[in-house]
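User: Can you walk me through a few helices in this protein? I'd like to see how you reason from the structure to each answer.

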Amino acid sequence: MTLPRGQLICPESTPYYHVISRCVRRAFLCGIDHHYTQQSYEHRKPWVLDKLKQLASIFTIDVCAYAIMSNHYHLILHINLAENRNLSDAEVAARWQQLFAMPMLVDDWLMGKEQTGAEQAVVAELIAEWRSRLKNISWFMRCLNEDIARKANQEDRCKGHFWEGRFKSQALLDEKALLTCMTYVDLNPIRANMCQRVEEQEFTSIYERIQQDKAKQNDQTVKSELLPFERQFDTRQPHEIPFYFEEYLQLVDWTGRAIRDDKRGYIPAEEPKLLHELGIEQDSWLQLVSHFSRSFGSAAGSWEHLTAHSIRAGHCWTRGQTACNRLSGVG
C-alpha cells in the first residue's frame, strides 16, 4: 500500500532525501526516441536544470546531486530548516512571489499600507503557510514537474499526464546512505551506457562540480546552487555535505571503473579512502551502488537508524535489513 507523503518525508529523522520522477509509458523527458519517431528530445535537459536551479534559489531546499536521464531524473535534496527559520516574513513573501501571484492584502502589507488587525492576521497566516511550503519537498517537486509537463505537452501538442505518478522518495538516514546514494545518482549515465567517463556526463551534479572545480583552479567564479562539500582545512559549516570533494570524486571514478558487466565485483588494488574511513566493504559497496533503489524501501541507512525512523514515521514494517548489513559491514 502506498504510504502518505507525511510518513515518507520526516525532517526530524533526516534532512536528506533521494527523489525520482519518471515519465508515463514511453514519453520522453530527454534522449532520442529510437522506437517510433527517431526524434531527439535532448533540448529538454536544460529545461529541467534551469527550473531546478531556480527552485533551489527560492525554496529552502538544497540540491546535493542530480542526474537527468531519458525518461526520468534523480535528485538528492537537503531540507535547510535553519535557513527557513531565519527568513524574515518579507523575504518569505518575496521568494513566494517569484513563483505565484501575490494576494492584494500581501501587496499592501509589503508596501507598508495601513491595515486592520484582521487583515494583518490574514497576512501572517498566509506567510506562515508559505514559509512551511518553502521547506516542503512535495511543493518543490510540484513546481518542478508541473512546469516541465506543461512545456513538454505544449511541444508535443497533446494533453494528459506526462509523469507516471507522484514522485518516489527515499529518506537517507546517515552519512553512509547519503554517500552511497549520491554515487548511485552520479553514476547513472555511465550505468545506462550513455557515456564512458564521469567528466563526459553532462546534466549531472558530478559534471557540474568538476566544471566548477576547474574554474576555481583558473581563478574564475562559477555560480552554483548545489550544496557544497565540506571544505578541507576549514571549520565544517552546519549545511555542507560531510565529505571532501576530492575524496568523493576519487570514489565515484573508482566505482565507475570497478562496476563492470563483464566482470562482476571487479576490485582494483587501491581502496578509496572514504570506504576505509566509513568501514564499508568493497564488494558490498559495489552491490549497493548498482542496485540502490531496489535495495532499500522508503528510507536508507543503518538498521538502527531505519528502525528508529520507522517508529517515528508510524510504519508497520521496516524494509532493507540485508542492504543495511552490507552498508554496515555486517555479514
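User: Which helix holds asparagine 145?

Analyst: Keep in mind that this is a predicted model. Follow the chain to asparagine 145 and you land in the stretch of residues 137–156. That stretch is helix 7.

User: Is asparagine 145 buried or exposed?

Analyst: Let's go by relative accessibility, where anything under 20% is called buried. Asparagine 145 comes in at 10%, so the label is buried.

User: Which residues does asparagine 145 touch, leaving out those up to four places away in sequence?

Analyst: Skipping those neighbours leaves contacts with other parts of the chain to list. For asparagine 145 they are Ser21, Tyr73 and Trp163.

User: How is helix 8 oriented relative to helix 11?

Analyst: Helix 8 covers residues 175–186 and helix 11 covers residues 245–258. Their axes sit 10 Å apart and meet at an angle of about 60°. That angle makes helix 8, relative to helix 11, oblique.

User: What classes of residue make up the contact of helix 8 with helix 11?

Analyst: Helix 8 brings Leu179, Met182, Thr183 and Asp186, while helix 11 brings Tyr248, Leu251, Val252 and Thr255. Sorted by class, that gives 5 nonpolar, 2 polar and 1 charged.

User: And what about helix 10, how does that one lie against helix 11?

Analyst: Helix 10 spans residues 205–217, and its axis is 12 Å from that of helix 11. The angle here is about 135°, and the crossing is left-handed. With that angle, helix 10 lies against helix 11 in an arrangement we call oblique.

User: How many charged residues are in the contact of helix 10 with helix 11?

Analyst: From helix 10 we have Ile206, Arg209, Ile210 and Asp213, and from helix 11 Phe245, Tyr248 and Leu249. By class there are 5 nonpolar and no polar residues, and the charged ones number 2.

User: Why are the buried residues of helix 15 on the same side?

Analyst: Helix 15 runs over residues 303–313, and its buried residues are Leu306, His309, Ser310 and Ala313. An α-helix has 3.6 residues a turn, so residues three or four places apart point the same way. Here the buried ones sit on the same side of helix 15 because around the axis they cover an arc of only 100°.

User: Which residues are exposed on the other side of helix 15?

Analyst: Now turn to the side away from those buried residues. The exposed ones there are Glu304 and Ile311.

User: Which residue follows helix 15?

Analyst: Step just past the end of helix 15 and look at the backbone. The residue there has a positive phi, near 80°, and is glycine 314.

Notes:
Residues are numbered from 1 along each chain as its sequence is written. This is a predicted model: local features need pLDDT of at least 70, side-chain atom pairs count only at pLDDT 80 or more; totals for chains, interfaces and linings use all residues. Side-chain values use heavy atoms; hydrogens and water are left out. Buried means under 20% relative accessible area, exposed over 50%, partly exposed in between (1.4 Å probe, protein chains only). Helices (H or I, at least four residues) and strands (E, at least two) are DSSP runs, numbered from the N terminus. The arc is that of the directions from the helix axis to the C-beta atoms. Axes are lines fitted to C-alpha atoms, for helices over the stretch in contact, and angles run from 0 to 180 degrees between N-to-C directions. Angles under 35 degrees count as roughly parallel, over 145 as roughly antiparallel, 65 to 115 as roughly perpendicular and the rest as oblique. Contact means heavy atoms within 4.5 Å. Ala, Val, Leu, Ile, Met, Phe, Trp, Tyr, Cys and Pro count as nonpolar, Asp, Glu, Lys and Arg as charged, and the others, Gly among them, as polar. A crossing is left-handed if the near helix is turned anticlockwise from the far one by less than a right angle, and right-handed if clockwise.
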